[in-house]
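Subject: Structure for you to look at

Hello,

Here is the structure I said I would pass on. Please open it first and then read the notes below.

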Amino acid sequence: MKATTAVMPRTQYIVGADATFYLLPLMNLPTPVVEKLMTVSLLKELVPAREKAALALQKNAKGKEGKKTK
């Protein structure tokens, strides 16, 4: 509720007990450092997902080509 009613809201809020557990140590670091750490960790998760999606698209395209020629 504070985030919506604050006159000067903070740039980052922690919501939930699990987020507090993971992010509590990061709260003492400067914001640019936290953002860099978060970006690196998110990229590690997103790059494999993007590669899987590209492979799925290639399989789908090959499947459609095979159906058109028959």
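How many helices and how many strands does the protein chain have? The model is a predicted one, and its protein chain has three helices and zero strands. Along the sequence, the pattern reads α-α-α.

Surface

The protein chain has 70 residues, and buried residues make up 4% of them. Its accessible surface is about 6800 Å². Carbon and sulfur atoms account for 65% of that surface.

One nonpolar patch on the surface covers about 220 Å². Leu29, Val33 and Leu37 make this patch. To place it, start from valine 33, which is part of helix 3, residues 31-69. Is valine 33 buried, exposed or partly exposed? Valine 33 has a relative accessibility of 36%, so it counts as partly exposed; the partly exposed class lies between the cut-offs of under 20% for buried and over 50% for exposed.

The largest pocket

What is the volume of the largest pocket? The value is about 260 Å³. The lining consists of Arg10, Gln12, Tyr13, Ile14, Leu23, Leu26, Met27, Leu29, Pro30, Thr31, Val34 and Met38. By type, nine of the lining residues are nonpolar, two are polar and one is charged. Helix 3 supplies the largest share of the lining, with three residues. Leu29 appears in this lining and also in the nonpolar patch described above.

Threonine 31

Threonine 31 is one of the lining residues and sits in helix 3. Its relative accessible area is 35%, and therefore threonine 31 is partly exposed. Another lining residue is Gln12. Threonine 31 and glutamine 12 are 19 residues apart along the chain, and their C-alpha atoms are separated by 8.9 Å. You can find both residues in the structure and look at how they are placed around the pocket.

Regards

Key:
Residues numbered from 1 in each chain as written. Predicted model: local features only at pLDDT ≥ 70, side-chain atom pairs only at ≥ 80, totals over all residues. Heavy atoms only, no water. Patch = residues over 30% accessible without salt bridge, like charges linked within 9 Å, V, L, I, M, F, W, Y side chains within 5 Å. Areas by Shrake-Rupley, 256 points an atom, 1.4 Å probe, with all protein chains shown as cover. Salt bridge = Lys/Arg side-chain N within 4 Å of Asp/Glu carboxyl O. Helix = DSSP H or I, 4+ residues; strand = E, 2+ residues; numbered from the N terminus. Buried < 20%, exposed > 50% of the residue type's maximum accessible area, 1.4 Å probe, protein only. 1 Å grid on protein atoms, 1.4 Å probe; cavity = no way out; pocket = protein on both sides within 12 Å on 5 of 7 lines; lining within 4 Å. Points joined across faces, edges and corners; volume = space filled by probe spheres on them. Nonpolar A, V, L, I, M, F, W, Y, C, P; charged D, E, K, R; others polar.
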